[in-house]
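Colleague: Hi, have you got a few minutes to go through this model with me? I'd like to hop between a few topics.
Modeller: Sure, let's put it on screen.

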Amino acid sequence: MKYQALGNDYLIVDPRYGDTVLGPEPASEAVRLLCDRHYGVGADGLLVGPLEAPKSNTPVSLRIFNADGSECGMSGNGLRMFALYLAEHHVEQWRAGRPFTVRTRGGDAEVGIVDFADGLVRVGMGLPRFTSVEGNGDRGVGGVAVPVAGEGLDAVVTVTDLHLGVPHTVVFRDRIDGELAQRLGPALAWHSRYPDGTNVEFVRVHDDHTLDAVVWERAAGHVPASGSGACAAAAVAYARGFVGRHVRVRMPGGEVEVSVARDGRVSLTGTAREVMRGVLSPSLRTELVDRRAAPGPSERRGT
């Protein structure tokens with residue numbers, strides 16, 4: 001099956017329904033082929049789960065992979081898609097909004113379906129951990145000047161780093177667009193400051209309850225939207241005093257609502273929907289099986 005959220009699309013492979021072809025440990029080569037838009041099915045990533053039979057009071061385990069074969073600790077968009085899948089195919093009670101927990105490599109996320117028919121889902125993304133505290137220290141979260149290969153404003157970029165399931169780097173600018181993401185995104189995502197890479201959000205404060213953002217992900221490049229990226233942008237903007245606790249984050253692929261609780265925990269609300277269901281051809285299945293002999297998922301962590 002394929003789902004999308006704000007233009008970010010994932011394939012869902014459910015190992016509960018027999019042989020997944022990918023095997024118990026998806027090889028990075030097989031993941032890349034399956035997600036390839038020319039030679040495979042095509043997607044930004046792959047969701048493998050539920051790994052055990054879902055039960056109402058037990059966390060549901062999920063593994064998340066990016067199109068490049070790397071494993072992803074957390075994905076706000078992916079979690080919303082997976083929640084809708086679970087509610088339709090496994091636990092009907094979850095359609096009415098009963099909360100449940102999804103367990104990922106990046107931590108547990110509490111999920112609740114706000115409106116099943118409209119695909120509206122709320123995801124608790126957890127407590128941000130700020131990893132850069134130098135700078136002006138607004139509410140304990142300041143910016144750090146990072147030199148990059150560029151001129152003018154691009155020569156030194158002021159960033160705020162945090163971890164929210166995966167690493168993020170937030171950059172505030174008065175003007176943002178795709179060209180900015182293409183120009184500075186790669187330089188920051190794999191800067192020597194970040195040996196494992198980082199996901200970069202370029203953010204403009206529109207008003208005290210609205211942010212605009214464009215995103216460069218370390219594993220996927222310039223993407224139309226990112227759920228965890230929107231949360232990172234809102235968390236930093238709130239910590240810096242730019243916005244209140246409830247924020248609308250607008251991205252090229254669409255918008256989401258982000259809330260920051262009094263204890264600092266961040267939650268995300270947005271839509272997702274199913275795109276298609278299908279069966280892999282015998283030839284593609286054979287090639288995926290062949291690639292299972294390749295090395296396992298990349299050690300490089302994804303979005």
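**Cysteines, rings, helices and a pocket**

Modeller: Let me start with the cysteines: the count of disulfides is zero, taking a disulfide as a pair of cysteine sulfur atoms within 2.5 Å. A word on the source: this is a predicted model, where local features need pLDDT of at least 70, side-chain atom pairs count only at pLDDT 80 or more, and totals for chains, interfaces and linings use all residues. Residues are numbered from 1 along each chain as its sequence is written, and side-chain values use heavy atoms, with hydrogens and water left out.

Colleague: Why is Cys35 not in a bond?
Modeller: The closest cysteine sulfur belongs to Cys72 and lies 12 Å from that of Cys35, which is too far for a bond.

Colleague: And is Cys35 buried or exposed?
Modeller: Cys35 is buried, at a relative accessible area of 4%. Buried means under 20% relative accessible area, exposed means over 50%, and partly exposed is in between (1.4 Å probe, protein chains only). Cys72 is buried too, at 2%.

Colleague: Switching to rings, how many aromatic pairs are there?
Modeller: The search of the whole structure gives two. Rings of Phe, Tyr and Trp (its six-membered ring) pair if their centres lie within 6.5 Å; planes under 30 degrees apart are stacked, over 60 edge-to-face, and the rest tilted. Trp94 and Phe100 are a stacked pair, with 3.9 Å between centres and 15 degrees between planes. Trp94 is buried at 0% relative accessibility, and Phe100 is buried at 2%.

Colleague: What about Phe172 and Phe242?
Modeller: Their ring centres are 5.1 Å apart and their planes are at 85 degrees, so that pair is edge-to-face.

Colleague: Where do those two sit?
Modeller: Phe172 is in strand E13 (residues 167-172), while Phe242 is in the loop between helix H4 (227-239) and strand E17 (246-251), so the pair ties together parts that are 70 residues apart in sequence. Helices (H or I, at least four residues) and strands (E, at least two) are DSSP runs, numbered from the N terminus. Phe172 is partly exposed at 22%, and Phe242 is partly exposed at 31%.

Colleague: Since H4 came up, how enclosed is H4?
Modeller: Of its 13 residues, 13 are buried, so H4 is largely enclosed by the rest of the structure. H4 reaches 18 Å from its first C-alpha to its last, close to the 18 Å expected at 1.5 Å a residue (the expected span is 1.5 Å times one less than the number of residues).

Colleague: What happens at the start of H4?
Modeller: There, a side-chain oxygen of Ser226 comes within 2.9 Å of the backbone nitrogen of Gly229. Just after H4, Gly241 has a positive phi of about 85 degrees.

Colleague: And how does H2 look?
Modeller: H2 is mostly covered, with 12 of its 14 residues buried. Among the buried ones are Arg80, Phe82 and Tyr85.

Colleague: Last topic: which residues are closest to the centre of the largest pocket?
Modeller: Met1, Ile12, Val13, Gly278 and Leu280, out of the 21 residues that line the largest pocket. On a 1 Å grid over the protein atoms alone, a pocket is an open set of points where a 1.4 Å probe fits, with protein on both sides within 12 Å along at least five of seven lines, and lining residues have an atom within 4 Å of a point. Strand E2 (8-13) and helix H5 (282-291) each supply at least two residues of that lining.

Terms used: Polar contact = N/O pair within 3.5 Å; in protein donor to acceptor, adjacent residues only side chain to side chain.
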